[in-house]
Structure formats: C-alpha cells, structure tokens
Amino acid sequence: SMTPAPTPGAAQDAQGTATPSTTPSNTKATLSPATVGTTVKDKTASYKVISADKKQPAVAYTKAIKKNASSVDKIKVNGVTYQVKSIAPKAFANNKKLKKITIGKNVASIGKQAFSGCKKLKKITIKSAKLKSSSIGKNAFKGTAKKLTFKVPKKKYKAYKKFLKKKGNKTVKGKRHRPCLKRAGGCCEPAARRLWIAHPGVAC
C-alpha cells in the first residue's frame, strides 16, 4: 500500500503522519495614521496631521489644551505614535500659566507668535538641532518673561544664540554657560549670568 504524501508546508508527527500546519501570526496589524489635515487630540493639546507615512507619521502642534503643558514631543493617539515636527502660529499665545517648556528633538519649525504673551514663560529647553532662523516665525517669543532662559544643544549654541534673541524677546542675552562642578553653595556662576545654557552639559 502507498502512504499519501503530506501536503506542502504540513508538519509530520513521529510516525510520519501529516498534521495541519499552524504558522503563528507574527505580523501584528499595523494601525494606520489619520489622513493628512485631520485634527487629532490627546489630553494636553490639539494637533494637525502633516504626514500619514506609516513608518514616521507626523503632526503639527496647533493648540494647547492643558495650559501648563511641559513638553512638545511625540504623542500617541488611537494607538499610533506621531512625531511632533512643528509648532503652529499662536499655539501657546497668551498662555498665562506656562512657565517652562521643552521642545522635542523632531521639531523643525515654530510659527509666528507661537509663544507670544506667555508672560510667565521663563525657561525653554530646545532639544532639536533642526531649527533655523527662517523656520522660526516673527515674534515667536514676544511678551515672554524678561529673563527668558534658553537651554540649547551644545553643537547649536552659536547659531541659536545669534537668531533666537531676534524672535521677539530682546531681553534675552547670549552668554555661554561655562561647565562647572557642583559645590556647596550652588553653581560657580551667578544666576544673572546663566542666561544661555549649552545642552547637554553639566547642569548646575
């Protein structure tokens, strides 16, 4: 007698009997980003989708919902993670509760008057190395605190120092932060001189 040949792809037991193939599903369903132009929201802000690329979907930060928001970085909405690549004009305008903000590494542009009227905004940490004078709108920082401090990437210190103070807050002064060791009594430089801080570096 002849034993039927097992079907292609089927597994066999010890006696050579064909058993159904059970290929595990290792391809998890990929959630699709919202279409370009769609408004999406999380608990802190509203965003507009500017790229629906499945590998790198991106949004523009358009309006703060949480007035004391602390960062502009990647977000997750409906299971999809988006990179925040821009801050829209007037996104934080006249936010009286905003005291400090961190701008993520993927942000490449900041719209005009984005932070205008944020009177209590005293510290902005910029992790992005993608900003240029032309990509920051007019009066982006107008009306912010008089002693506004920028913490910027070390390799972009000179370039950022040159153009950030031209974006609405003329009281910002360009003074290079000198790395120092922590010691009793605090930093080796007076607070009044620590207006520009190279990031990353030794934090005081």
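**Strands, a helix and a ring pair**

Tutor: Let's start with one pair of residues: V72 stands opposite I103 in β9. Keep in mind that this is a predicted model.

Student: What makes β6 and β9 count as paired strands?

Tutor: Pairing needs at least two bridges between the strands. Strand β6, residues 71–72, and β9 are joined by two bridges, in the parallel sense. Two meets the cut-off of at least two, so the strands count as paired.

Student: Which strand besides β6 pairs with β9, and over how many bridges?

Tutor: Strand β11, residues 123–126, pairs with β9 in the parallel sense over four bridges. I101 has I124 as its bridge partner in β11.

Student: How do you know that the side chains along β9 alternate?

Tutor: Look at residues 100–103, which make up β9. I101 and I103 point to one face and are buried, while K100 and T102 point to the other face and are not buried.

Student: Now for A45. Why is A45 called buried?

Tutor: Buried means under 20% relative accessible area. The relative accessibility of A45 is 0%, so A45 counts as buried. A45 belongs to strand β4, residues 45–51. Leaving aside neighbours within four places in sequence, A45 is in contact with V40, Y61, K63, A64 and I65.

Student: What does contact ask of those residues?

Tutor: Their heavy atoms must lie within 4.5 Å. There is also a C-alpha to C-alpha distance to look at: A45 and A69 are 8.4 Å apart in space and 24 residues apart in sequence.

Student: How do you know that β4 pairs with β3 and with β5?

Tutor: Count the bridges against the cut-off of at least two. Strand β3, residues 39–41, has three bridges to β4, and strand β5, residues 58–64, has six bridges to β4. Both counts reach the cut-off, so β4 pairs with β3 and with β5. β3 runs antiparallel to β4, as does β5. For example, K41 stands opposite S46 in β4, and Y47 has Y61 as its bridge partner in β5.

Student: How many residues lie between the strands of each hairpin?

Tutor: The hairpin of β3 and β4 has three residues between its strands, and the hairpin of β4 and β5 has six.

Student: Why is the pair of Y47 and Y61 called edge-to-face?

Tutor: There are two tests. Ring centres must lie within 6.5 Å, and the planes must be over 60 degrees apart for edge-to-face. Here the centres are 5.3 Å apart and the planes make 80 degrees. Both tests are passed, so this is an aromatic pair and an edge-to-face one. Y47 lies in strand β4 and Y61 in strand β5, so the pair ties together parts that are 14 residues apart in sequence. Both tyrosines are buried.

Student: Which residues do ring pairs link into a cluster?

Tutor: The cluster holds Y47, Y61, F92, F115, F141 and F150. The structure has six aromatic pairs.

Student: On to the helix. What makes the buried residues of α1 line one face?

Tutor: Helix α1 spans residues 157–164, and Y157, Y160, F163 and L164 are buried there. Seen down the helix axis, the buried residues fall within an arc of 155 degrees, so they line one face of α1. In general, an α-helix has 3.6 residues a turn, so residues three or four places apart point the same way.

Student: Which residues does the face turned away from the buried side carry?

Tutor: That face of α1 carries K158 and K162, which are exposed. Exposed means over 50% relative accessible area.

Student: How many helices and strands does the whole protein have?

Tutor: One helix and 13 strands. Of its 204 residues, 37% count as buried.

Student: What does pLDDT say about how far to trust the model?

Tutor: The average pLDDT is 79, and 69% of the residues score at least 70. Among the elements, strand β10 has the highest mean pLDDT, 98, and strand β2 the lowest, 47. Over residues 174–195 pLDDT stays under 50, although the model has 38 contacts for them beyond four places in sequence. It also stays under 50 over residues 198–204, with 18 such contacts. Where pLDDT is low, the predicted coordinates should not be read in detail.

Terms used
Residues numbered from 1 in each chain as written. Heavy atoms only, no water. Buried < 20%, exposed > 50% of the residue type's maximum accessible area, 1.4 Å probe, protein only. Arc of directions from axis to C-beta. Phe/Tyr/Trp six-rings, centres within 6.5 Å; stacked < 30°, edge-to-face > 60°. pLDDT = per-residue confidence, 0-100.
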